[in-house]
Each structure stands twice: as C-alpha cells, then as structure tokens.
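Biologist: Hey, got a minute to walk me through this one? Let's put it up on the screen.

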Amino acid sequence: CVTVAFDIDNSKLYKGTDIPVKRDEPGWYFVVVHELELDIALNVNDVVELVVDESYQAALSRGHSAGHLASYALNKVLDQDYWRKDASRKDILNNRDFHSYAQTLSLVSENTSTDSYRLGKTLKKRGLNMTEMLADLSLIEARVNDVLLTWLETKAPVVMKCEGDTLTDSRFWCCDLGIGESITMPCGGSHVQSLAEYKDITIELAFKSDQQLEMITKAN
C-alpha cells in the first residue's frame, strides 16, 4: 500500500520518493496504490479482492494512538519541573513541546510505539534542564505512566476528522480528555476509536549513545 501521484497530462504514475511534486499541485492527482505480490497480468475491469487483517490493523492502531498520548504525557511531565525558561513552541495542551523539539524518529508496530529524541545543545539553549532530566528518568517515567493512567480512565472517544475525501486533504486525530485537556493533531494513520479499548499504556525511557533518548510505549 503506497502513495502514488498521477501526472494527468502525461498519464504517468510516480511512486513514493519518486514523486516530483507537492500535494495539491495542479494537474496531479494523489492516490493509494496496492501492489500485488502475485506475478499475474491484470486487465482493465478485472476484479481484485482486498482483505484487511483486522487483528493486525487493530494492534497497529493501539500502538499508534498510544504513541500520541505518550508524547503529550511526556511533554506535560517535563513542563512541570525541567524547563528553566519559557519556550516559543507549546503543544495543544499548552505545555512546552519537548516531543516536537527533540523527536528524530517515530516507529509504530503492533501494540508499540518507539520514539527517538536527540538531546543536543539546542535544547539546552531553549531552556531544558537536561542534566536534571537525565538524572530523573525513572521518576519521569513513573509520572508519565501516572498521567496515562489518569487519561485512560476517561475512556474518551478518539475521532478522526477529515477536511475532504481526497488523499491530500488534511486529517486530524482528536481526543477530548476532559478537564480542559483536548487534543487535536494532524495525523492520517490508523487509530483506535476509544481509550476504552485499552487495559493500560505504559512507557519506558532509556538513554542511548550520542545524546539519544528513546521512549518505548507499550499498549494492552
């Protein structure tokens, strides 16, 4: 399942990283293409049946939504004690956006989300007390897990909002946690429909080499 851009004037498809234009370029149409592993010839009007592995998709959805929640919970905990000055970038919950500043890689797998953060000099200049943060990783981990537990108890619905029917129209992940904490963020992936689908979400923080922090989020 890949993203493809169709050049209307030249009747040519471009796949993935070969796409030479940005979305909404006039004369181009972005579509989803399903690549078949079978070595068969297809003709126009042939019928192909696509079957979704529901259990696998559900596991990916749990991991994906859990990763979003964990990033906001981490921002919230760090905002309380680990910044020495205000930051220009805040998340939608009005916490300093460590996740956005530092994230270098995010991977979603079955019931798991893995986020990598780079702890460079720029974060220190922006006001993050990095030495204290690294010394308190176990405490921060426990506090993030407490926040996640509180949020899961709301059993809040997760809603995907789309601005249109085409592939390039913006999509948003929305979760109203109540008590003034409502999240809306751009995301077009597969997600749960409610936090009631979780038994628990927990994170682990690990300091890696070369100023790299990793957060592994596990969902059940």
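Modeller: Sure, one definition up front: helices (H or I, at least four residues) and strands (E, at least two) are DSSP runs, numbered from the N terminus. This is a predicted model, where local features need pLDDT of at least 70, side-chain atom pairs count only at pLDDT 80 or more, and totals for chains, interfaces and linings use all residues. Residues are numbered from 1 along each chain as its sequence is written, and side-chain values use heavy atoms, with hydrogens and water left out.

Biologist: Okay, how many helices and strands does the chain have?

Modeller: Five helices and 10 strands. The C-alpha trace spans about 65 × 35 × 35 Å along its principal axes.

Biologist: And where is isoleucine 40?

Modeller: In the loop between strand 3 (28-33) and helix 1. Ile40 also belongs to a nonpolar surface patch with Leu36, Leu38, Leu42, Val48 and Leu50, and together they have about 560 Å² of accessible area.

Biologist: What counts as a patch?

Modeller: Residues with over 30% relative accessible area and no salt bridge (a side-chain nitrogen of Lys or Arg within 4 Å of a carboxyl oxygen of Asp or Glu); like charges are joined within 9 Å, nonpolar side chains (Val, Leu, Ile, Met, Phe, Trp, Tyr) within 5 Å. Accessible areas come from the Shrake-Rupley method with a 1.4 Å probe, and for residues only the protein chains shown count as cover.

Biologist: Which residues form the positive patch?

Modeller: Arg84, Lys85, Lys121, Lys124 and Lys125. Lys and Arg count as positive and Asp and Glu as negative, while His and the chain ends are not counted. A charge is placed at NZ of Lys, CZ of Arg, CG of Asp or CD of Glu. Lys124 is in helix 3 (residues 121-126).

Biologist: Switching topic: is serine 61 buried or exposed?

Modeller: Buried, because its relative accessible area is 5% (buried is under 20%, exposed over 50%, partly exposed in between, with a 1.4 Å probe and protein chains only). Ser61 sits in helix 1.

Biologist: What is serine 61 in contact with?

Modeller: Ser190, His191, Val192 and Tyr198, leaving aside neighbours within four places in sequence. Contact means heavy atoms within 4.5 Å.

Biologist: What about serine 11, what is its phi?

Modeller: Near 50°, a positive value in a residue other than glycine. Ser11 lies in the loop between strand 1 (2-7) and strand 2 (12-15), and counts as exposed because its relative accessible area is 56%.
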